[in-house]
Amino acid sequence: EVLSRKRFVQRPFLFVVLVRTIFYFLIITFWLTIINGVWYVIKGDLSVYEHLNLYFKNEIYIVNLGFTFLGLLLTVGVTQINSLHRKGELISFVMGKYHFPREVERIFCFIDLKSSTSIAEKLGHLKFALFLKDYYSDITEALRETNAQIYQYVGDEIVLSWSYENGLANNNFINCFFQMREIINDLKPKYMDRYGVYPEFKAGVHGGKVIVTWIGELKKEIVYIGDVLNTTSRIQEYCKSLGKDFLISEELLKKVNQLGEIKASYVENTILRGKESKIILHSLELRGQKN
């Protein structure tokens, strides 16, 4: 899966399902042959060839292979369909979770592409769409390693979410941003060669209590409702006026034990657009490196 993941990114659904199913099927068949071959060597009453010949002609073996192939086809198909939803969303729907509104604590991170309008004008709509597709594909590994859940894609903006447990573990919600930036910096030559520009982004992060529930009939979706999302969005917008790449609320920063190589710098105590109460903002950056 790790070695072949990128090969399937732009392949059609049926192609991916069939190819993965066939490969898994061949791998299982290979190891069944090896294991049974070793067992027959230990048993020693007939030659390995004779035992395997009987094994492969056995009706139970043929039936098991058929059920194995169908099981793999179903499993791989459901896995691919599950990728259309947020992580764990399909299971939550099947189990009836969040069918009634519940209050939960979540961390949210709004990440916005810098200069997206000028990039779109330079590349044109079609090439800009390919640019975004590459960008979202390339940062996937950072999201996977930091247990980030993709809440929404909003054009050139991506909204990430964590439970407090997953987000605070190993500072996942902070490290995600810097891992994303490291990946893009490593791939900068590829983007410059292909598009003449590369993705740069800014982010705002905040957390707190929100309401989560399923909505919709024609299209069902889990949504989070609460002031936390509005505040996080405003924090991200504030990055531009402050000239910062990554802002965090002091309320969430206080819940972080140790920042390690990350440095938090006080920015200001301000009232965000559309808000009444003040919020204290800090900038996050790697030590020895400026935004």
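This is a short dialogue on reading the packing and charge pairs of a predicted model.

Reader: Happy to start with the inside. Which residues have the most contacts inside the largest nonpolar core?

Author: A good way in is to look for the residues that the others gather around. Here the largest nonpolar core has 41 residues, and those with the most contacts inside it are I111, F131, Y135, L160, F173 and M180. Its largest share, 7 residues, comes from helix α9, residues 172-186. Apart from this core lies another one of 13 residues, including F110, Y151, V212 and Y224.

Reader: Let me pick one of those. What does F131 touch, leaving out residues up to four places away in sequence?

Author: Its partners are L113, I119, L123, Y191, Y195, V197, Y198 and P199.

Reader: Back to α9, then. How does its reach compare with the span expected at 1.5 Å a residue?

Author: Helix α9 has 15 residues and runs 20 Å from its first C-alpha to its last, close to the expected 21 Å.

Reader: And which residues of α9 are buried?

Author: The general idea helps here: an α-helix has 3.6 residues a turn, so residues three or four places apart point the same way. In α9, the buried residues are N172, F173, I174, C176, F177, F178, M180, R181 and I184. Notice that R181 is on that list; R181 is also linked with K114 and D245 in a network of salt bridges.

Reader: That brings us to charges. How many salt bridges does the count come to?

Author: The count comes to 9. For each one, I like to ask where the two partners sit in the chain and how exposed they are. Take D138 and K190, whose closest N and O atoms are 2.8 Å apart. D138 sits in helix α6 (residues 125-138) and K190 in helix α10 (residues 188-194), so this pair links distant parts of the chain, 52 residues apart. D138 is buried, at 10% relative accessible area, whereas K190 counts as partly exposed at 26%.

Reader: What about a pair within one helix, such as E141 and R144: how far apart are they in sequence?

Author: They are 3 residues apart, about one turn of helix α7 (residues 140-145). Their salt bridge has its closest N and O atoms 3.0 Å apart. Both ends are partly exposed: E141 has a relative accessibility of 31%, and R144 has one of 39%.

Reader: Now one between strands, please. Which parts does the pair K263 and E285 tie together?

Author: K263 lies in strand β7 (residues 262-270) and E285 in strand β8 (residues 279-286), so the bridge joins parts that are 22 residues apart in sequence. The closest N and O atoms of K263 and E285 are 3.6 Å apart. K263 is partly exposed at 31%, while E285 is buried at 7%.

Reader: Last one: where does D156 lie, and what is its nearest side chain of opposite charge?

Author: D156 lies in the loop between β2 (149-154) and β3 (157-163). For a buried charge, check for an oppositely charged partner, then for polar ones. D156 is buried yet has no salt bridge, and the nearest side chain of opposite charge, K202, is 7.9 Å away; a salt bridge would need a nitrogen within 4 Å of a carboxyl oxygen. The D156 side chain does make a polar contact with the side chain of S116, at 2.4 Å. Leaving out residues up to four places away in sequence, D156 touches I111, D112, L113, S116, F128, L132 and Y136. Among these, I111 is one of the residues with the most contacts inside the largest core.

Technical notes:
Residues are numbered from 1 along each chain as its sequence is written. This is a predicted model: local features need pLDDT of at least 70, side-chain atom pairs count only at pLDDT 80 or more; totals for chains, interfaces and linings use all residues. Side-chain values use heavy atoms; hydrogens and water are left out. A nonpolar core is a set of buried Ala, Val, Leu, Ile, Met, Phe, Trp, Tyr and Cys residues joined through side-chain atoms within 4.5 Å. Buried means under 20% relative accessible area, exposed over 50%, partly exposed in between (1.4 Å probe, protein chains only). Helices (H or I, at least four residues) and strands (E, at least two) are DSSP runs, numbered from the N terminus. Contact means heavy atoms within 4.5 Å. Lys and Arg count as positive and Asp and Glu as negative; His and the chain ends are not counted. A polar contact is a pair of N or O atoms within 3.5 Å; within protein, one must be able to donate a hydrogen and the other to accept it, and residues adjacent in sequence count only if both atoms are side-chain atoms. The expected span of a helix is 1.5 Å times one less than its number of residues.
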